[in-house]
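Q: Could you take me through one part of this model closely, namely the pair of strands, and then set that part beside the rest of the chain? I am in my first year, so please go slowly.

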Amino acid sequence: LQKYFNKLGNDKLQVKDEVKQLTKFVHHNLAKDPFDKYEMVDADIIFCRNVTIYFNNETTKMVINKWYY
């Protein structure tokens, strides 16, 4: 925690600037936005926690295929 975060008060942490410079965070509408946007090219990892539970089966399959691509 000390290596990658700054402590803010008793219960809050902030990612250090050195880590932020190595990372790119983007918001993306999985059901609508195309994956060929420059933000999505060569992505190393995509975090989508519990997102597909809100989609119907057709949309879930479409999104998973986009991830695979």
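A: Two strands are said to pair if DSSP finds at least two bridges between them. In this model, which is predicted, strand S1, residues 5–8, and strand S2, residues 12–15, run antiparallel and are joined by four bridges. Together S1 and S2 make a hairpin, with three residues lying between the two strands, and one residue of that turn, glycine 9, has a positive phi of about 75°.

The pairing can be followed residue by residue. Asparagine 6 stands opposite glutamine 14, which belongs to S2, while leucine 8 has lysine 12, also in S2, as its bridge partner.

Next comes the surface around this part. Leu1, Tyr4, Phe5 and Leu13 form a nonpolar patch there, and their accessible area together is about 420 Å². Of these residues, tyrosine 4 is found in the segment before S1, and because its relative accessibility is 42%, tyrosine 4 counts as partly exposed, given that this class lies between the cut-offs of 20% for buried and 50% for exposed.

Two residues outside the hairpin can be read with those cut-offs in mind. Threonine 60 is found in helix H2, which covers residues 57–68, and because its relative accessibility is 16%, threonine 60 counts as buried. When residues up to four places away in sequence are not counted, threonine 60 touches Thr52 and Phe55. Aspartate 33, by contrast, lies in the loop between helix H1, residues 17–20, and H2, and it counts as partly exposed because its relative accessibility is 23%. If its neighbours within four places in sequence are left aside, aspartate 33 is in contact with His28 and Lys66.

Finally, there is the question of confidence in the prediction. The protein chain has an average pLDDT of 83, and 90% of the residues score at least 70. Confidence is highest in S1, one of the two strands of the hairpin, where it stands at 95, and it is lowest in H2, with a mean of 86.

Key. Residues numbered from 1 in each chain as written. Predicted model: local features only at pLDDT ≥ 70, side-chain atom pairs only at ≥ 80, totals over all residues. Heavy atoms only, no water. Patch = residues over 30% accessible without salt bridge, like charges linked within 9 Å, V, L, I, M, F, W, Y side chains within 5 Å. Areas by Shrake-Rupley, 256 points an atom, 1.4 Å probe, with all protein chains shown as cover. Salt bridge = Lys/Arg side-chain N within 4 Å of Asp/Glu carboxyl O. Buried < 20%, exposed > 50% of the residue type's maximum accessible area, 1.4 Å probe, protein only. Contact = heavy atoms within 4.5 Å. pLDDT = per-residue confidence, 0-100.
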